[in-house]
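Student: I'd love a close look at one helix in this model. Could you take me through its buried side and then show me how it sits among the rest of the chain?

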Amino acid sequence: MTNTSARSGSARHVLFDVDGTLIDAVANQRRVWETWAARYGLDPAAVYAVALRTRPMETFAAVAPEQDPRACLAALHALEDEDVRTGDYTAFDGAAELLSGLPAARWALVTSNYEHRVRGRFARTGLPLPGLVVDAAAVDEGKPSPVPYLLAAARLGAAPQDCLVIEDAPSGVESGLRAGMTVWGVNTASPVHGVHRHFASLREAVPAILAFAAGVPGDAAV
């Protein structure tokens, strides 16, 4: 599926999700949730299966309804912060080349995580950071709401139709689509429903993303 909404001659901007898109954090997320579950005497595999589909507060309500959700969240945050300090992280192939090749101030990160963790992970992997990170603390509504991507566009001074969203998850894809942006999916074996283009890997997508940012017309860019 192709989207041709980007305006000819207008400045193009690229908005990236982080986990699963630029950084491979699946093993880390699983380890954090399984450690959290063990502390509460819960089945780690069952908890992780729920956490994959829901936000943390929803996960707590589903797997530990008798527990104080604020205490649950504090415990989870402590584990996540420790993992940023000590865990092993890997940037997806092509991420460093891609981010280094984009024009300054024309790209941003839009994440459901928190900025200090993103900065820690980028430092661990050596990836360059943009000037703008829209994190969970910046918005009242997270993905799949369009709010995070719309806020990023507004702060960059970009029109939504001139923005390309790079995502790997259904909630993020929905967020970008609802924001009226071009959405490409990466790092999934099959296309996430709704994406305008699908790439099995980030590496495969690098030339097309750089072409989009440069305003190259035709299929190479859209």
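Tutor: The buried residues of helix H3 are Thr59, Phe60 and Val63. Around the helix axis they span an arc of only 100 degrees, so they sit on the same side of H3. There is a simple reason for such a pattern: an α-helix has 3.6 residues a turn, so residues three or four places apart point the same way. Please keep in mind as we go that this is a predicted model.

Now turn the helix around. On the other side of H3 you will find Ala61 and Ala62, which are exposed. Take Ala62, a residue of helix H3. Its relative accessible area is 52%, and a residue counts as exposed when that value is over 50%. Ala62 also gives you a sense of distance: Gly185 is 123 residues away from Ala62 in sequence, and their C-alpha atoms are 29 Å apart in space.

What does the buried side of H3 pack against? Its buried residues pack against H1, H2 and helix H4 (69-86). Let's visit some of these partners.

Helix H2 covers residues 44-51, and its buried residues are Val47, Tyr48, Val50 and Ala51. They cover an arc of only 160 degrees around the axis, so they too are on the same side of their helix, H2. The packing can be followed from H2 as well: the buried residues of H2 pack against helix H1 (26-39) and helix H3 (56-63).

Next comes H4, where we can stop at Glu80, a residue of that helix. Glu80 has a relative accessibility of 18% and counts as buried, because the cut-off for buried is under 20%. Setting aside neighbours within four places in sequence, Glu80 is in contact with Val32 and Arg117. Another residue to find from here is Arg31: it is 49 residues from Glu80 in sequence, yet the two C-alpha atoms are 9.6 Å apart in space.

From there, move along to helix H6 (residues 115-125), which holds Arg121. Arg121 is buried, with a relative accessible area of 5%. Leaving out neighbours within four places in sequence, the contacts of Arg121 are Asp19, Ile23, Ala25, Val84, Tyr89 and Asn113. Try picking these out one by one on the screen.

Now let's step back to the whole chain. It has nine helices and eight strands. Its radius of gyration is 18 Å, close to the 17 Å that the globule rule gives for 222 residues, so the chain is as compact as a globular protein of that length. Along the principal axes, the C-alpha atoms fill a box of roughly 55 × 30 × 30 Å. Of the 222 residues, 46% are buried. If you take the contacts with a separation of 6 or more, 61% of them join residues 24 or more positions apart.

The outside deserves a look as well. The chain exposes about 10,000 Å², and carbon and sulfur atoms supply 53% of that area. There are 19 positive and 25 negative charges, and the mean positions of these two sets are 4 Å apart.

Finally, here are some backbone details to look for in the loops. As background, most residues other than glycine have a negative phi, and most peptide bonds are trans. Ala105 is not a glycine, yet it has a positive phi of about 65 degrees. You can find Ala105 in the loop between helix H5 (95-101) and strand E4 (107-110), and it is exposed, with a relative accessible area of 62%. Asn187 is not a glycine either, and it has a positive phi of about 65 degrees. Asn187 lies in the loop between strand E7 (182-186) and strand E8 (197-199), and it is partly exposed, with a relative accessible area of 22%. The peptide bond from Lys143 to Pro144 is cis, with omega near 20 degrees. To find Pro144, look in the loop between strand E5 (133-134) and helix H7 (147-156).

To return to where we began: H3 has Thr59, Phe60 and Val63 as its buried residues, while Ala61 and Ala62 are exposed on the other side.

Note on methods: Residues are numbered from 1 along each chain as its sequence is written. This is a predicted model: local features need pLDDT of at least 70, side-chain atom pairs count only at pLDDT 80 or more; totals for chains, interfaces and linings use all residues. Side-chain values use heavy atoms; hydrogens and water are left out. Helices (H or I, at least four residues) and strands (E, at least two) are DSSP runs, numbered from the N terminus. The radius of gyration is taken over C-alpha atoms; the globule rule is 2.2 Å times the number of residues to the power 0.38. Buried means under 20% relative accessible area, exposed over 50%, partly exposed in between (1.4 Å probe, protein chains only). Contact means heavy atoms within 4.5 Å. Accessible areas come from the Shrake-Rupley method with a 1.4 Å probe; for residues, only the protein chains shown count as cover. Lys and Arg count as positive and Asp and Glu as negative; His and the chain ends are not counted. The place of a charge is taken as NZ of Lys, CZ of Arg, CG of Asp or CD of Glu. The arc is that of the directions from the helix axis to the C-beta atoms.
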